[in-house]
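Work through the exercises below with the sequence and the 3D structure at hand. Each task is followed by a worked solution.

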Amino acid sequence: MNSGDIIIIGAGAAGLTAAGVALKHGKRVLVLEMGDTVARKVMASGGGRCNITNAAVATDKYHGANPYFVRSAITKVPYTDILNWAYEHNIDLYEKTPGRYFCTNGAQSVVNAMMSDARDAKIYTNQNVQHVDKIDNIFYVKTQDATYTAPAVIVATGGTSFATLGVSDVGWKIAKHFGHKIIPVRPALGAMNIKNAPAELAGIALPVQISVGRNKINDDMLFTHHGIGGPAAYRASVFDIDDGISIDLMPNKNAMEILKNAKQQSGRKNVANVLGEYMPMRVAKWIAGDDTRNIADIKDSEIAIIADRIHKWRICADDIKMHGMSAAEVVRGGVCVDEISSKTMESKLCDGLFFAGEVMDVAGDLGGFNLHWAWASGRVAGMNA
Ligand SMILES: Cc1cc2nc3c(=O)[nH]c(=O)nc-3n(C[C@H](O)[C@H](O)[C@H](O)COP(=O)(O)OP(=O)(O)OC[C@H]3O[C@@H](n4cnc5c(N)ncnc54)[C@H](O)[C@@H]3O)c2cc1C
């Protein structure tokens, strides 16, 4: 039987971070990883360039039943700590957009740095953890062919989205076994399927504003065969969309004014021709539909209806379904954080049991916030385990 001071389940962003910090505190650390390589989601992140953190890290960038849970960890580990860590490990960063940090030399440089910090840990790959028991203050962590023991365990098994990278739900099973509630899991930061979506527009991208409740997202949206994708849709998908969404297809412009001016100045144009100067022509034609009349012949009241369709394309919640786990970057839901200490990441129900990363009911916005949560919660768990 293999034993140590801490067993970390999952060699992803949070698990390897926790390992590095625990080793600094003189602990003997075992890391159990089901895959034959480590940190596969980090490798895939940011299109291979790993969006490592964001200058805008704050509680309002996180979602879950209790979004304030993240406050302590992200205060202890601000984004500048991650920039310093990157600097110390010779990871070159660049800002793709202001405050959004990516790795010049790709995600491998981040994985190398994490592995360097965790070099004194015993990392066992191809160890698929199936069950954890606790007897007399010792945890027994069982994989398909071995049992590992330690007085502390950090569950850092991530979420179940993007299954092709190799994922499991064991973290939630372990949490449940020790009495934790699990908030139902759904895909987030992914495309949305929309009933009666205009499939003929698939492949067209345009800047939009998506409103979800009081949240307004300004970004590019891509029409897909089944609905909408691209950064705007991804960012919208992390919110609770109980009341549906509203899409402005011509943000920062006044369609009413544009159409009325055209009526005055170029009355022989039709609606599609007018709108086509401000958006892709196929989208303009879709908005105009069968209406090929000269704009001069369209009543102002009808123009108002067209403008409304452009600025307030309403899609009710029943007509929206997430495209699925397969292409979503994260999950919403997971281990309920009410029963976890936000200061230490330790379970309030079972001493010595810790959680780190996406396995908990914490999902960040698009833009480096999820990895930041993995680094921050991993450091806090590793320090306290
Ligand atoms: C395509 C893609 C791109 C992304 N890009 C970004 C980005 O640029 N910036 C950003 O902030 N976030 C990004 N994310 C999200 C980010 O990668 C995750 O939120 C983050 O990796 C979560 O870290 P984690 O350590 O909690 O989980 P993971 O990194 O998923 O690690 C969990 C580990 O646990 C292991 N494991 C699971 N079950 C078991 C088991 N039974 N036994 C043993 N081991 C197990 C897994 O194999 C895995 O190695 C992206 C995600 C995807 C899918």
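**Exercise 1.** State the sense in which E6 and strand E7 pair, and give the number of bridges.

Solution. The model is a predicted one. Start with strand E7, which covers residues 100–103. Its pairing with E6 is antiparallel and has 4 bridges. To find a pair of facing residues, take Thr97, which stands opposite Arg100 in E7.

**Exercise 2.** In what order do the 3 strands of the open sheet lie, and which are the edge strands?

Solution. First, the order is E4-E7-E6, with antiparallel pairing. Next, look for strands that pair on one side only: these are strand E4 (53–54) and strand E6 (93–97). They are the edge strands. As background, strands of a sheet pair through backbone hydrogen bonds, either parallel or antiparallel.

**Exercise 3.** Find the strands joined to E12 and say whether they run parallel or antiparallel to it.

Solution. Strand E12 consists of residues 152–155. Strand E2 (residues 6–9) is joined to E12 by 4 bridges, and the two run parallel. Here Ile6 stands opposite Ala152 of E12. Strand E22 (residues 353–355) is joined to E12 by 3 bridges, again in parallel. In this pairing Ile154 of E12 faces Phe354 in E22.

**Exercise 4.** Are the residues on the two faces of strand E12 buried or exposed?

Solution. Take one side: Ala152 and Ile154 are both buried. Then take the other side: Val153 and Val155 are buried too. Both faces of E12 are therefore covered, where buried means that 20 or more other C-beta atoms lie within 10 Å of a residue's own.

**Exercise 5.** Describe how helix H1 and helix H5 cross, and which residues make the contact.

Solution. Helix H1 spans residues 13–24 and helix H5 spans residues 108–117. Their axes come within 8 Å and cross at roughly 35 degrees. The crossing of H1 with H5 is left-handed. On the H1 side the contact is made by Leu16, Thr17 and Gly20, and on the H5 side by Met114, Met115 and Asp117. Sorted by kind, the contact residues are 3 nonpolar, 2 polar and 1 charged.

**Exercise 6.** Which of the 40 residues around the ligand come nearest, and which elements give two or more residues to the shell?

Solution. The nearest of the 40 are Gly10, Gly12, Gly46, Gly158 and Gly357. The elements that give two or more residues to the shell are H1, helix H2 (40–44) and helix H12 (369–384). By kind, the shell divides into 19 nonpolar, 16 polar and 5 charged residues. H1 thus appears in two settings: it crosses H5, and it gives residues to the shell around the ligand.

Definitions and conventions
Residues numbered from 1 in each chain as written. Predicted model: local features only at pLDDT ≥ 70, side-chain atom pairs only at ≥ 80, totals over all residues. Pairing = 2+ DSSP bridges. Axes fitted to C-alpha atoms, helices over the stretch in contact; angles between N-to-C directions. Left-handed = near helix turned anticlockwise from the far one by under 90°. Contact = placed C-beta atoms within 7 Å. Nonpolar A, V, L, I, M, F, W, Y, C, P; charged D, E, K, R; others polar. Near = placed C-beta within 6 Å. Buried ≥ 20, exposed ≤ 12 C-beta atoms within 10 Å, placed from the backbone.
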